[in-house]
Amino acid sequence: MTKVLRLHSQGLANLQLDEVTLRQPGFNEVKVEIEASALNRDQMRLINGTVYAGEGEQAQELSQLGYEGAGIVTAVGPDVDKKWLGKEVGIIGPYDVAQYGTEGTEALALADRLVAKSPQLTWAQEAALWLPYLTAYTIIADGHLKAGEYVLIPAATSMVGQAATQIARRIGAYPIGLSRSDEGVKELRTLGMKYAANSSDDGALVQYVNTVTGGHGVDVVFDALAGQFVSTAAQVSAQDGRIITYGVMGGLAAKLPLNEMMPKALTIKAFTVNEVITNQVKLTAAKRFILSGVNDGSLVPPIAATYPLADYQKAYADLQGSHKTGRIVLVND
């Protein structure tokens, strides 16, 4: 029997590792023996039934959890190339976890979301790789970040923030990391980030960015906050700057700062990772870049902790209370 982690009702206490019979894969599907599955904070929101400001309805329960995994293909659908059988793979999320949840001993996955596992990575690192690095790749694909330019990265201790930092460094750009606390700024400096500041004081932040950039401003803002921060992002942007908003930690409602945008000819783009995943040209370029970085050691997903699947309650409790930099991953023995 397959063991699958499922949410029976709201709250961590209602997560259960259930025994189920997993159906055979259909069209564009494979069955994967899961070796590792990375936990994601947005799943924590769903478990707790919380929403961001402005989202409206309460988040709904999920029957299964997890959309970032890695493992070995054990069966393929009728239209899937049999070359995948027995292959070690990473699974690119996100997708419908009600059908394809990765937290368990086996999972169904979409065949067109498979990537051959990188030999340089552990199972835990492979499971933690694709979603954050594909998200962060937009600083190149849409932000057109180049060597010698500055990129501002709010929530820089997050996994996507760390991925964006590594990508910026890889191409010779200069990342400026932000945290909403002085403790977070200290952590960024401990992680080797040369430029780091507290994002909670707008005036101090604007002054800091002007000092770091010699008055030039930042060329790209990779914005995880939205809300009121959009105005701050515009203030610190350089002429012809690009703001990419991919998160709404500060809320969904934001005023358009035309007083800053028009004189500087700024652009603001809302983004989700699905733009990369569903665009074959972007996805191919992103995978090529990421795998090249994995191969040369410049892109390495940090792992904060691993837990056996049976310790899922401890893993999620760690995720809920932790401020660790790096992913928390469930692994199967």
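This briefing covers the salt bridges, one pair of helices and one nonpolar surface patch of the structure above. The model is a predicted one, and a search of the whole structure finds nine salt bridges in it. Among these are the pairs Asp18 with Arg6, Glu29 with Arg23 and Glu68 with Arg327, and there is also a network that links Lys146, Glu149 and Arg242.

**Salt bridges**

- Side chains of opposite charge can pair when their charged atoms come close.
- Asp18 and Arg6 meet through their side chains in a salt bridge, with a distance of 2.8 Å from N to O; this pair links distant parts of the chain, since Asp18 belongs to strand S2 (residues 15-20) and Arg6 to strand S1 (residues 2-7), twelve residues apart.
- The two partners of that bridge can be described by their accessibility: Asp18 counts as buried because its relative accessibility is 10%, whereas Arg6, with a relative accessible area of 28%, is partly exposed.
- A salt bridge also joins the side chains of Glu29 and Arg23, at 2.7 Å from N to O; here Glu29 is buried, with a relative accessible area of 5%, while Arg23 has a relative accessible area of 40% and is therefore partly exposed.
- The side chains of Glu68 and Arg327 form a salt bridge at 2.8 Å, again taken from N to O; Glu68 lies in the loop between helix H1 (41-48) and strand S4 (69-76) and Arg327 lies in strand S15 (residues 327-331), so this pair ties together parts that are 259 residues apart in sequence.
- Both Glu68 and Arg327 are buried.
- Lys146, Glu149 and Arg242 are connected to one another as a network of salt bridges.

**Helix packing**

- Helix H7 (residues 202-212) and helix H8 (residues 229-236) have axes that come within 10 Å and cross at roughly 25 degrees; because angles under 35 degrees count as roughly parallel, H7 is described as roughly parallel to H8.
- The crossing of H7 and H8 is right-handed.

**Nonpolar surface patch**

- Leu256, Leu258, Met262 and Ile268 make a nonpolar surface patch of about 400 Å².
- Leu256, one of the residues of this patch, is placed in the loop between strand S12 (237-245) and helix H9 (258-264), and it counts as exposed because its relative accessibility is 56%, with the cut-off for exposed residues set at over 50%.

Terms used
Residues are numbered from 1 along each chain as its sequence is written. This is a predicted model: local features need pLDDT of at least 70, side-chain atom pairs count only at pLDDT 80 or more; totals for chains, interfaces and linings use all residues. Side-chain values use heavy atoms; hydrogens and water are left out. Patches are made of residues with over 30% relative accessible area and no salt bridge: like charges are joined within 9 Å, nonpolar side chains (Val, Leu, Ile, Met, Phe, Trp, Tyr) within 5 Å. Accessible areas come from the Shrake-Rupley method with a 1.4 Å probe; for residues, only the protein chains shown count as cover. A salt bridge is a side-chain nitrogen of Lys or Arg within 4 Å of a carboxyl oxygen of Asp or Glu. Helices (H or I, at least four residues) and strands (E, at least two) are DSSP runs, numbered from the N terminus. Buried means under 20% relative accessible area, exposed over 50%, partly exposed in between (1.4 Å probe, protein chains only). Axes are lines fitted to C-alpha atoms, for helices over the stretch in contact, and angles run from 0 to 180 degrees between N-to-C directions. Angles under 35 degrees count as roughly parallel, over 145 as roughly antiparallel, 65 to 115 as roughly perpendicular and the rest as oblique. A crossing is left-handed if the near helix is turned anticlockwise from the far one by less than a right angle, and right-handed if clockwise.
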